[in-house]
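This report describes how the parts of one protein model are arranged and which charged side chains pair up in it. The sequence and structure come before the description.

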Amino acid sequence: MKEQKPMLKMTKITKSFPGVKALEDVNLTAFGGEITALMGENGAGKSTLMKILSGVYKKDSGTIEIDGEEVQITGIKEAESLGVTIIHQELSVLPNLTVAENIFLGNEKTNKFTGRIEKRLINERSKMFLDQIGCKIDPSTLVKNISVGEKQMIEIAKALTKNSKIIIMDEPTTALTDVETKKLFEVIKSLKEKGIAVIYISHRMEEIFAICDKVVVLRDGKYVGEERVKDIDNDKLINMMVGRNIEEQFPYKEYKKGQVLLEVKNLNYGNIVKDASLAVKAGEILGVAGLMGSGRTELAKTIFGEYKATSGEIYVEGKKVKINFTRDAINNGVCYLSEDRKKEGLVLGMSVGRNMTLSNIEKYENKFKRIDQNAESKDVEEYIKKLKVKTPSSAQLIKNLSGGNQQKVILAKWLLVAPKVLIIDEPTRGIDVGAKKEIYELLNELKSMGKAIIMISSDLPEVLGISDRIIVMSEGKISGELAREDANQESVMKLAVGIK
Ligand SMILES: Nc1ncnc2c1ncn2[C@@H]1O[C@H](COP(=O)(O)OP(=O)(O)OP(=O)(O)O)[C@@H](O)[C@H]1O
Ligand SMILES: [Mg+2]
């Protein structure tokens, strides 16, 4: 299929934001009928480059050619009419509309006579597109009632409804299960067969090797190089991205375990969390594996008081506690770091620094109830450095940070609170390969301080790599528990799909 003229040629693209040179002389070509991976660390400029292509941002300089002709992309509509569709990293579905209304948003089918939206028609057509990606969700469901993963599916279905020749996917699989990811890959392959140029951004190396033809690497806003995927391996790619080799991706350390810090007995939340019992000790990471929708996040939110348990008991350091609201959990030293960070974890209009300290601001108040800014900025600067948050300063607004760097800030926030029990949901989703390791090391540090950690993750190598013990959930129940030594891909998956 290849070796005609490229579908897309971006040449010497440069873009600055106040205080940040996001892109400098970056080149990118992509062919129809190929999947081009765009890779690089958090903040390397991937999303910015793709936002320029899709008309969200204006470039400062450089040229863009589509199908051999130079084009001026001045806005989202122009990009769409030129055949460019982007599925953003930050999901942009509207919670109070139905699935179908979201899919046809801006493209509504209205009745000629009444001007009303043809609910039945868009429901039927949505179902068709959802079927294509193997998603069984009912199109008339309100989006606020569905999971992050399902929202992602809606974005993809939405892209399919537009007749695009360049489709950009910015980290599409971060919230998908293995099964859904496989389905998505089938869809992407069919797009490829149709001659579409797919540009694919992901931090998951195995995905690049599974579906991409070519990989283009950016580092610090600059073009590093490109390779055919068949000509490179994991280590070479990591080296291109971070400029060095990374040994030992999962730095597991064992510490002496202390008393049980959190114990949950027969916890129920409606029909969603069923009879869950677990215990986690000081100095221990309890991994929680399971397919998406198995109730892992709901279990966490019930423990945290975000959902009100219908029955069951919770003990902190052996003492029975009543958790009716999240405040109760926090006051008892139990914190939850959410998977849907944009919605639940960040104040987008606030600075990087204040986002880190907000939930713990009392710590910095002096006796006159004034914030001691020196103490605050000392902590902030320490964590910016530790987690390698890419930002011009701690005063930068959080919304201007790249997706992965926003995640690091949220993580810093809870690490600063350093609760007794930290429940952490998908800690490295969207985080680059170098920074993942820093996060594992911070979790180890918390472990060494005698904290108890519950880590929910869909990244199986990660669960296996850094947990001391693993529980697996299936259909709202804890279907089994595995010691670190007995846990492997197979034993976990068996429990996850409910095979005894
Ligand atoms: N609107 C903005 N205002 C200011 N700076 C911005 C803005 N958008 C992006 N940046 C900065 O530009 C740089 C590149 O960001 P970009 O989002 O393109 O990174 P990325 O490669 O997509 O990273 P990630 O893997 O974390 O998503 C970062 O330093 C980011 O903070
Ligand atoms: Mg990005």
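In this predicted model, the C-alpha centres of domain 1 and domain 2 lie 29 Å apart. Domain 1 covers residues 8–242 and domain 2 covers residues 260–496.

**The interface between the domains**

Where the two domains meet, 24 residues of domain 1 are in contact with 23 residues of domain 2. The size of an interface is often given as the accessible area lost when the parts come together. For domain 1 and domain 2 this buried area is about 1,900 Å², with 54% of it on carbon and sulfur atoms. No salt bridges cross the interface, the count for domain 1 and domain 2 being 0. There are, however, 4 residue pairs in polar contact between domain 1 and domain 2, with both residues at pLDDT 80 or more.

Which elements give two or more residues to the side of domain 1 that touches domain 2? They are α5 (148–161), α6 (178–193) and α8 (234–242). Helix α5 provides the largest share of that side, with 4 residues. By residue type, the side of domain 1 that touches domain 2 consists of 7 nonpolar, 9 polar and 8 charged residues.

**Salt bridges**

Across the whole structure, 25 salt bridges are found. Three of the pairs are listed here with the distance between N and O.

| Pair | N to O distance |
|---|---|
| Asp-67 and Lys-165 | 3.4 Å |
| Asp-468 and Lys-447 | 3.0 Å |
| Lys-494 and Glu-490 | 3.6 Å |

The salt bridge of Asp-67 and Lys-165 joins two loops: Asp-67 is in the one between β4 (61–66) and β5 (69–70), and Lys-165 is in the one between α5 and β7 (166–170), so the pair ties together parts that are 98 residues apart in sequence. Asp-67 is partly exposed, at 34% relative accessible area, and Lys-165 is partly exposed as well, at 31%.

In the pair of Asp-468 and Lys-447, Asp-468 belongs to the loop between α16 (460–466) and β19 (469–474), while Lys-447 is in helix α15 (residues 433–448), so the bridge ties together parts that are 21 residues apart in sequence. Are these two side chains buried or exposed? Asp-468 counts as buried, with a relative accessibility of 8%, and Lys-447 counts as buried at 1%.

Lys-494 and Glu-490 are 4 residues apart in helix α17 (residues 489–496), a separation of about one helical turn. Lys-494 is partly exposed, with a relative accessible area of 39%, whereas Glu-490 counts as exposed at 53%.

Salt bridges also form a network that links Glu-284, Arg-469 and Glu-481.

**Positive phi angles**

Most residues other than glycine have a negative phi. Glu-171 is not a glycine, yet its phi is positive, at about 50°. Glu-171 sits in the loop between β7 and α6, and it counts as buried, with a relative accessibility of 5%.

Glu-426 also has a positive phi, near 50°, and is a residue other than glycine. Where does Glu-426 lie? Its place is the loop between β17 (421–425) and α15. Glu-426 is buried, its relative accessible area being 5%.

Technical notes. Residues are numbered from 1 along each chain as its sequence is written. Chains are lettered from A and ligands numbered from 1 in the order in which they are written. This is a predicted model: local features need pLDDT of at least 70, side-chain atom pairs count only at pLDDT 80 or more; totals for chains, interfaces and linings use all residues. Side-chain values use heavy atoms; hydrogens and water are left out. Domain bounds come from an automatic or database domain assignment. Contact means heavy atoms within 4.5 Å. Buried area is the accessible area (1.4 Å probe) that two parts lose on being put together, summed over both. A salt bridge is a side-chain nitrogen of Lys or Arg within 4 Å of a carboxyl oxygen of Asp or Glu. A polar contact is a pair of N or O atoms within 3.5 Å; within protein, one must be able to donate a hydrogen and the other to accept it, and residues adjacent in sequence count only if both atoms are side-chain atoms. Ala, Val, Leu, Ile, Met, Phe, Trp, Tyr, Cys and Pro count as nonpolar, Asp, Glu, Lys and Arg as charged, and the others, Gly among them, as polar. Buried means under 20% relative accessible area, exposed over 50%, partly exposed in between (1.4 Å probe, protein chains only).
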